[in-house]
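The following exercises concern aromatic pairs, charges over rings and nonpolar cores. Work through each task with the structure in view before reading its solution.

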Amino acid sequence: MRYLTPCFLLMLMLVLPGASPANDPLARGEEIAREAERRDKGFVDSISSVEMILTDSSGGEARRYLTIKTFEREKAGDGHKSLVIFHEPLDVKGTTLLTHGEIFEADQQWLYLPALKRVKRVPSSNKAGPFMASEFSYEDMLPPEVERYTHRYLGEVRCGDMRCFKIERTPKDKDSGYDKQIAYLDAEEYRLQRVDYFDRKQTHFKTLFFKDYVQYQDRFWRAESMTMVNHRSGKTTYLIWGAFAFQNGFTDADFSRVAMRQ
């Protein structure tokens, strides 16, 4: 046979060992991450009220109330935008975090401090820093764009009464505070159930749990309870999300540095 037809080559690729995502952990990990992303596309924008509860190792507690808005950008190369606005207590009222997620460039974040009446840029070197004294870092407030990580499939495990995909996510950003993250997504709906965070010394020091998922518009799943546990300090931050509202007519202007001051 002097040459192979294109159809025969395609068939050969499908049957050769190691040619399919199932036999390639990186390809399979990317495939799962892309499917999770695909299922959440099209929400356009959202808004939700959030209660943040900070607890320390001795049981001390502080509560904060805020609003979180998100905006889905469809232009190639653009990530999502978000705006976090604190309302209570009085000492944090008006504090606002603006995030512009990027696909192929460095993400951008700005913090508005009403006491100083100024907007300051959050430097990339400060991504690992705690956000508003919580166990969430500034990096944790970035949208989970697939392009931000390499994904490696580690197998299928049990998550309570569910089957979960276990994925190793390695940040591509050299300024990331994490060496890697181990994410667990349920195999039925591709929803995050848990994320283990490892610092640059490869120590597992934080875990984020997602609970109480609610489906909106027969499509979009949102966890109404998130718990970030710091195994090193013994502190925990809870996020209790109120009912989400989608497709509110937000525009880019609602996620600008001017909007932060309003």
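**Exercise 1.** Determine how many aromatic pairs the structure holds, and classify the pair formed by Tyr216 and Phe244.

*Solution.* In this predicted model, the structure holds 15 aromatic pairs. For Tyr216 and Phe244, the ring centres lie 5.7 Å apart and the planes make an angle of 70 degrees; because an angle over 60 degrees counts as edge-to-face, the pair is assigned to that class. Next, place the two rings: Tyr216 belongs to strand E11, whereas Phe244 sits in the loop between strand E13 (236–241) and strand E14 (245–246), so the pair ties together parts that are 28 residues apart in sequence. Both Tyr216 and Phe244 are buried. Finally, widen the view to the cluster that ring pairs build from Phe43, Tyr216, Phe220, Trp241, Phe244 and Phe246.

**Exercise 2.** Find which ring faces Lys180 and Arg191 lie over.

*Solution.* Starting from Lys180, one arrives at the face of Phe198, with 4.8 Å to the ring centre. Arg191 lies over the face of Trp221, at 4.4 Å from the ring centre.

**Exercise 3.** Describe the largest nonpolar core and identify the strand that gives the most to it.

*Solution.* The largest nonpolar core has 41 residues, and those with the most contacts inside it are Val84, Phe86, Leu97, Phe131 and Leu208. Strand E11 (residues 204–216) gives the most to this core, contributing five residues. A second, separate core comprises nine residues, including Phe71, Leu83, Ile85 and Phe250.

Terms used. Residues are numbered from 1 along each chain as its sequence is written. This is a predicted model: local features need pLDDT of at least 70, side-chain atom pairs count only at pLDDT 80 or more; totals for chains, interfaces and linings use all residues. Side-chain values use heavy atoms; hydrogens and water are left out. A nonpolar core is a set of buried Ala, Val, Leu, Ile, Met, Phe, Trp, Tyr and Cys residues joined through side-chain atoms within 4.5 Å. Buried means under 20% relative accessible area, exposed over 50%, partly exposed in between (1.4 Å probe, protein chains only). Helices (H or I, at least four residues) and strands (E, at least two) are DSSP runs, numbered from the N terminus. Rings of Phe, Tyr and Trp (its six-membered ring) pair if their centres lie within 6.5 Å; planes under 30 degrees apart count as stacked, over 60 as edge-to-face and the rest as tilted. A charge sits over a ring if NZ of Lys or CZ of Arg is within 6 Å of the ring centre and within 35 degrees of the ring normal.
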